[in-house]
Amino acid sequence: MNAKILSLKLKETGDRSDWRWQMQHRLQSVEELSQYIDLTDDEKKDIHKACDVFPMAITPYYASLMNKKDPWCPIRMQCIPDHRELIEGHGDMDDPLYEDSNSPVPGLTHRYPDRVLLLVTKECSMYCRHCTRKRKVGDQNTCITDRDIDRGIAYIKDHPEIRDVLLSGGDPLILSSARLERVLRKVREVPHVQVIRIGTRTPVVMPQRITDELVRMIKKYHPVWINTHFNHPREFTPDSKRALAKLADAGIPLGNQTVLLRGVNDCPIIIKKLGHLLVKNRVRPYYLYQCDLSRGIEHFRTPVAKGIEIMEALIGHTSGFSVPSYVVDAPGGGGKIPVLPNYQLSITNTKTVLRNYEGVICVYEEPQNDANTVCPPTCTICKKLRVKHEPIGLQKLFDPKNRMISLVPEGNTRKARYTIHKGKAHDC
Ligand SMILES: *Cc1c(COP(=O)(O)O)cnc(C)c1O
Ligand code: SF4
């Protein structure tokens, strides 16, 4: 345990329903694990080896959900170290999302125009084996200090375009309420910040943390949205449902981000059931993530085709709001890319041919007017907001005023040859 956790001013209560007890009694050794599940000597050795590289921590609550005898138990696979974590995977990277290099100040990633990711701690109550920030989480050598966070907030203050601040980690709800409140207050004081978001797995792995006192504090800083991280129907328990109800009752809009994990939830029936449980508990499925290329998690990866198959089975087959967006977080820091089954079969000037979820093919008659190129006659919203009509990316090709005919990737060799021979570079 590092200084950050000790600073939570842990007190021994002996009460399993107290989150401080859960934190204090996290399982961190094979010996402790053996009290919860049956392990062979070989399994114990493997766990030891994997723990040396990627530490283990499991809350007693989450451990109690494991099936004692089943090595394929989806709860167990998410929390127990596995020797496959040590295999160098195909395409593995330390920081596939370039979170560190897209970082103007340490702990803050500014990838999209109007929102930032601010890491407020590297600690989690439980270390998920599939964690994309595995290289950072539980790292005893470095921690995020108040000074780091303050530098992040100063950056946000200096950038009026930032209207959405996403607090992440680690798990922000691992902080004491006082430390979390300090961050929320400071971010809320920035006039151009409209929305604060918290990304947390706490309702899943340590629901005891979601106390009346915590939600009373958070709701002072509304609008605060929370995204949680349920991956499997088995994670719904009376405790986790109670935690979600407290958050929802405090008026916090709830979303969920699921990671598609081989052997855990890579099945349309599991993901559909998960979506139904989420909406029953007032949580909107937000993203279904393709597993990242982080080191030590290749055994969890599925082909993208599996995600498409799942989306095919969800869209149209169940309520729109219980279907998440399926995204691939682009290696190299390109951001989240939505991926969908193909619904558009063909298109002409007059008709678009589509197929529905049942495979029925239908035609949409295109309007014979130029409505899509004309503003509503009296609209002045863009003038009032002083929005610059500067097309970005593909918009440049669509833009009727722009004569650009192609977008050329950086380092295009054909273009370089042209420059040399003709002495003049063109756009294409
Ligand atoms: C995911 C992410 C966000 C938030 O993206 P949304 O699509 O708005 O949820 C912001 N910044 C970074 C770096 C992210 O990875
Ligand atoms: S809670 Fe999130 S950050 Fe923490 S170990 Fe799990 S996936 Fe990683």
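This passage describes the largest pocket of the structure and the surroundings of ligands 1 and 2. The model is predicted, so that local features need pLDDT of at least 70 and side-chain atom pairs count only at pLDDT 80 or more, whereas totals for chains, interfaces and linings use all residues. Residues are numbered from 1 along each chain as its sequence is written, chains are lettered from A and ligands numbered from 1 in the order in which they are written, and side-chain values use heavy atoms, with hydrogens and water left out.

The largest pocket has a volume of about 1,100 Å³. A pocket is here an open set of points on a 1 Å grid over the protein atoms alone, where a 1.4 Å probe fits, with protein on both sides within 12 Å along at least five of seven lines; lining residues have an atom within 4 Å of a point. The volume is the space filled by probe spheres set on the points, which are joined across faces, edges and corners. The lining comprises 46 residues, and T132, R133, S168, Q257 and Y289 lie nearest the pocket centre. By class, the lining holds 19 nonpolar, 16 polar and eleven charged residues (nonpolar: Ala, Val, Leu, Ile, Met, Phe, Trp, Tyr, Cys and Pro; charged: Asp, Glu, Lys and Arg; polar: the others, Gly among them). Strand β3 (164–168) gives the most to this lining, with four residues (strands are DSSP runs of E, at least two residues, numbered from the N terminus).

Ligand 1 sits in the largest pocket, in that more than half of its atoms lie within 2 Å of the grid points. The residues around ligand 1 (those with a heavy atom within 4 Å) are T109, R111, Y112, R115, L117, L166, R197, Y286, Y287 and K336. Five of this shell are nonpolar, one is polar and four are charged. Oxygen atoms of ligand 1 lie 2.5 Å from a side-chain N or O atom of Y287, 2.6 Å from one of R115 and 3.4 Å from one of R111, where a polar contact is a pair of N or O atoms within 3.5 Å. The protein covers 91% of the 380 Å² of accessible area that ligand 1 has on its own (Shrake-Rupley method, 1.4 Å probe). Strands β1 (108–112), β2 (115–119) and β7 (283–289) each give two or more residues to this shell, and β1 gives the most, with three.

The space taken by ligand 2 is also the largest pocket. Ligand 2 is surrounded by C124, M126, Y127, C128, C131, V137, G170, R201 and H229. This shell divides into six nonpolar residues, two polar and one charged.

How values were computed: Polar contact = N/O pair within 3.5 Å; in protein donor to acceptor, adjacent residues only side chain to side chain.
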